[in-house]
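Visitor: Could you take me through a single part of this structure, the surroundings of the ligand, slowly and with care?

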Amino acid sequence: MALLSSPDPQFLLHLSKRKFPNPKLLLRNPNLRVSCSSGQLRLATKEAVTIDSSQLRIKEFLTDSELHAAVRLRIRTFYEFRESYGVEELRRSLTEREYEGLNDRISGKLVAFKRVACINATLPISGSLISAEGLCSECKFIEDGKERVVVGTLDLNQCLWLPDELTGRRPEVSGSNLMRAYISNVCVAKELQRNGLGFKLINKSKDLARVWGITDLYVHVAIDNEGAQKLYEKCGFVYESEEPAWKARFLGRTRRFLLWTDLKN
Ligand SMILES: CC(=O)SCCNC(=O)CCNC(=O)[C@H](O)C(C)(C)COP(=O)(O)OP(=O)(O)OC[C@H]1O[C@@H](n2cnc3c(N)ncnc32)[C@H](O)[C@@H]1OP(=O)(O)O
């Protein structure tokens, strides 16, 4: 199998014009789509949306409507739905369940969480974003009478551990002084990935964590999610531990790494 981590579009176009005997290509460039039928490699460039950085806002959510939009982005990113009878109902119930859970964590109803913030990256519906119709209709919200779209989101959780996840070792917990936090639910709209949004969101969460007095920040990542691992590595996270295979099997999911970064400096 050919493994291309940064395929050159010209090279792929060249390949696509030829019969390719066994074109099993594993592509990791999110802006390229490759399909293959009867030995013919087909290449399509996904509609890439560029960002006007001057319009980008990254901050903790303010309104209920924005929180709903952030949850819709999560459901859209983390679940794959096949269009079929009842799929809308399923989407709605997942969204409601996630919204209620997040709202409970943020409003302090769950004692295991000392403090939780949902940090969103948002853009106005204008310019090149208009071409991302699905994203705009699903993830829009109103702010000061104007429509904006949640294009990236994550949670910052100040707590000892997250349910069903590995627990960080640092810092040792003394008294009620909880200086450990975890980032979770990191996602960027697929139309806008590789524009630096993930990096900016993580940096924003580090800033907020410092304001909260956090010294040790953690994130869990599936061992096969290379894109996210590279992002966390770029943001200064390093390996601390990994989930045992039996536990991942028991929970019916891919094994996770636990990554750590020091916020003391
Ligand atoms: C705790 C958790 O939530 S783990 C789950 C993480 N979330 C997901 O997997 C959901 C689906 N994926 C996504 O939403 C996005 O791809 C994210 C959040 C992983 C990355 O967001 P993006 O905005 O695309 O990342 P961003 O553009 O900031 O990339 C920063 C760096 O991360 C690395 N990176 C990001 N995506 C990839 C990728 N697909 N392949 C390789 N490297 C990648 C690169 O080093 C990149 O720097 P570069 O562009 O200068 O090379």
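Guide: The residues of the shell around the ligand divide into 10 nonpolar, 9 polar and 3 charged, where Ala, Val, Leu, Ile, Met, Phe, Trp, Tyr, Cys and Pro count as nonpolar, Asp, Glu, Lys and Arg as charged, and the others, Gly among them, as polar. This is a predicted model, in which local features need pLDDT of at least 70 and side-chain atom pairs count only at pLDDT 80 or more, while totals for chains, interfaces and linings use all residues. Residues are numbered from 1 along each chain as its sequence is written, and side-chain values use heavy atoms, with hydrogens and water left out.

Among the 22 residues around the ligand (each with a heavy atom within 4 Å of it), those that come nearest are Val186, Val188, Arg194, Gly196 and Asn225. Turning to polar contacts (pairs of N or O atoms within 3.5 Å), a polar backbone atom of Arg194 lies 2.8 Å from an oxygen atom of the ligand, and a backbone N or O atom of Gly196 is 2.8 Å from a ligand oxygen atom. The protein buries 79% of the 970 Å² that the ligand exposes when taken alone, as given by the Shrake-Rupley method with a 1.4 Å probe.

Helix 6 (helices being DSSP runs of H or I with at least four residues, strands runs of E with at least two, both numbered from the N terminus) gives the largest share of this shell, 6 residues. Strand 9 is mostly covered, with 8 of its 9 residues buried, that is, under 20% relative accessible area with a 1.4 Å probe, protein chains only.

Note on methods. A polar contact is a pair of N or O atoms within 3.5 Å; within protein, one must be able to donate a hydrogen and the other to accept it, and residues adjacent in sequence count only if both atoms are side-chain atoms. Buried means under 20% relative accessible area, exposed over 50%, partly exposed in between (1.4 Å probe, protein chains only).
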